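Me: I'm new to this one. Can you walk me through it?

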Amino acid sequence: MSRRSGWVRVAVAIAAAALVVTACSNGHQDATVRVSPRTSALTMPMSVRISGLSPGDVFTVALSSVDAKHTHWVSAARFRANSAGVIDVDQASSIGGSYTGVHPMGLVQALSPKPTVTDSRAYARSGRESFDLRVTAADGGTMGRATFHRQRSRGVRTSTQTVPRQGFDGVYHQAPHSRSPRPAVLSLGGSEGGVSSAALGEGLAAAGYSTLSIAYFHAPGLPKYLVKIPLEYFAHALRWLRAQPGVDPHRIYISGDSRGSEAAELVAVHYPRLLHGVILGVPSNVAYAGLVGGVGLSTYTTDKSAWTFHGRQVPFVFVRGSEPTTKGDAVIPVERIHAPMFLTCGGADKLWQSCPMSQAIVARLDAHHDRYQHDLAVYPDAGHSVGGLVPYEPAVLLATDRLRGRYRLANQFARASVWPRLLHFLDVTARR
């Protein structure tokens with residue numbers, strides 16, 4: 001399921017700058033800590049480099065930050081200096097600490113509240129345009145430190161849409177001005193309700209794709225529960241998006257995460273002329289029953305469909321525990337979509353079988369000799385939260401183990417991998 005995070009997500013390239021701090025403790029007279037760029041967007045990677053060390057020295061590199069709720073977030077990893085006396089955090093393998101192995105943004109992704117909290121918690125920004133992080137390097141005593149900044153994208157304009165005014169509830173992130181009309185995305189979250197995919201919307205807008213992130217239940221003017229949501233509601237939002245200045249109406253994508261994937265597929269089936277492509281995070285290949293409670297699939301399942309079309313309930317099934325259903329009226333006829341498709345799934349998804357269901361979608365397309373591009377990104381260790389797609393988040397403490405992957409940072413590392421693949425998919429298919 002998608003989660004709203006206070007951690008700002010953006011994807012604009014900011015002119016590279018480096019912060020260099022010279023340290024002179026523990027005998028390392030020429031040691032420096034370099035962060036590049038000094039200011040960066042959240043979907044933009046940055047690098048940390050410590051030089052002037054002795055070859056083979058083992059140093060702990062730590063990251064710390066204080067969020068808008070005054071919660072301290074920390075991470076640390078141990079590295080061994082190479083033969084040149086250098087530690088490049090984005091290339092070196094961590095040999096211990098908050099994570100191990102080579103993960104260029106591992107220190108950012110491993111940030112966790114300290115002291116540990118038991119409730120679900122995300123990095124709180126509370127309207128701040130930017131926030132600071134401090135990196136330190138030590139081998140017993142502090143050797144050097146540097147501060148860098150993460151900030152929201154400049155040039156992305158954000159506006160709130162309401163049911164009384166526009167007929168839907170959502171947040172519109174308008175990409176920076178371009179000389180020619182650009183593709184755009186309608187983004188849908190999952191069973192948590194509300195506008196839960198705004199982070200994805202901001203990140204895509206920063207990359208040049210204006211994005212409308214909408215709620216479809218549990219928001220003002222909308223149904224309280226995920227029950228009998230009209231597909232016409234999404235079609236109305238698509239038509240509004242197509243009419244926005246700077247948007248190419250012939251290159252509109254729809255993105256759906258978890259339960260939102262069902263809506264994305266069904267809308268693409270019934271309104272193929274409104275869409276140019278489909279993005280599915282941890283999707284289902286069938287329409288499931290509606291929900292009348294919080295995050296969950298069976299405890300709160302109703303005997304009504306989650307979706308309607310022209311006033312009739314879309315055929316549905318109740319959640320199965322193992323293999324996906326591939327026969328029956330509830331199976332979504334994806335062969336009628338006629339558009340390129342990008343799918344992401346987690347092999348350790350404990351909420352539902354997102355990889356077998358993704359594979360069932362691709363198999364159905366292949367069986368019908370679908371001529372459009374359909375890319376499936378499989379992450380064996382990732383869990384259900386990989387469907388949120390946005391990279392470089394701190395380690396959100398999840399309210400349920402069913403959203404986690406095979407290990408604590410599996411979703412974060414998978415998202416870092418899937419993000420450039422998604423942007424490549426959009427770039428390639430938008431030009432066709």
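**Strands, cores and cavities**

Reply: Let's start with a strand pair. β14 is joined to strand β15, residues 210-215, by five bridges, and the two run parallel. Keep in mind that this is a predicted model.

Me: Which residue stands opposite L188 in β15?

Reply: That is I214.

Me: What about β14 and β17, how do they pair?

Reply: In the parallel sense, over six bridges. Strand β17 covers residues 247-257. Across that pairing, L186 of the one strand faces I254 in β17.

Me: How many residues of β14 are buried?

Reply: Six of the seven. The strand spans residues 182-188, and with that many buried it is largely enclosed by the rest of the structure.

Me: Back to L188. What does it touch?

Reply: Leaving out residues up to four places away in sequence, its contacts include I214, Y216, F234 and I254. S197, D257 and A264 are also among them.

Me: And the largest nonpolar core, how many residues has it?

Reply: It has 54 residues. Those with the most contacts inside it are L186, L188, L212, I214, Y216, F234 and W307. Helix α4, residues 231-242, gives the most to this core: eight residues.

Me: Why would such side chains gather like that?

Reply: In soluble globular proteins, nonpolar side chains tend to be buried together.

Me: How many residues are in the other core, the one lying apart?

Reply: That core has 36 residues. V33, L107, A110 and L133 are among them.

Me: New topic. Where is M143, and is it buried or exposed?

Reply: M143 is found in strand β11, which covers residues 142-151. M143 counts as buried, at 3% relative accessibility. The cut-off for buried is under 20%.

Me: How far apart are M143 and V33?

Reply: In sequence, 110 residues. In space, 9.0 Å, C-alpha to C-alpha.

Me: What does β11 pair with?

Reply: β10 pairs with β11 in the antiparallel sense, over nine bridges. One bridge is between D132 and H149, the latter in β11. The hairpin of these two strands has three residues between them, and G140 there takes a positive phi near 135 degrees.

Me: Which strand do five bridges join to β10?

Reply: Strand β5, residues 58-66, and the two run antiparallel. β10 itself is residues 130-138. V61 stands opposite A137 in β10.

Me: Now the open sheet of three strands. What order are they in?

Reply: The order is β16-β21-β22, with mixed pairing. β16 (229-230) and β22 (312-313) are the edge strands, each pairing on one side only. Strand β21, residues 307-309, is joined to β22 by two bridges, and these strands run antiparallel. Opposite T308 stands Q313 in β22.

Me: Last topic: empty space. How many cavities of 30 Å³ or more does the search find?

Reply: Three, searching the whole structure. The largest cavity holds about 60 Å³ of space.

Me: Which residues line the largest cavity?

Reply: M46, S47, V48, L63, V89, P104, M105, L107, V108 and F148. β4 (47-51) and α1 (106-109) each supply at least two residues of that lining.

Me: How does that lining split by class?

Reply: Nine residues are nonpolar, one is polar, and none is charged. One of the lining residues, L107, also belongs to the core of 36 residues.

Methods. Residues numbered from 1 in each chain as written. Predicted model: local features only at pLDDT ≥ 70, side-chain atom pairs only at ≥ 80, totals over all residues. Heavy atoms only, no water. 1 Å grid on protein atoms, 1.4 Å probe; cavity = no way out; pocket = protein on both sides within 12 Å on 5 of 7 lines; lining within 4 Å. Points joined across faces, edges and corners; volume = space filled by probe spheres on them. Helix = DSSP H or I, 4+ residues; strand = E, 2+ residues; numbered from the N terminus. Nonpolar A, V, L, I, M, F, W, Y, C, P; charged D, E, K, R; others polar. Pairing = 2+ DSSP bridges. Core = buried A, V, L, I, M, F, W, Y, C linked by side-chain atoms within 4.5 Å. Buried < 20%, exposed > 50% of the residue type's maximum accessible area, 1.4 Å probe, protein only. Contact = heavy atoms within 4.5 Å.
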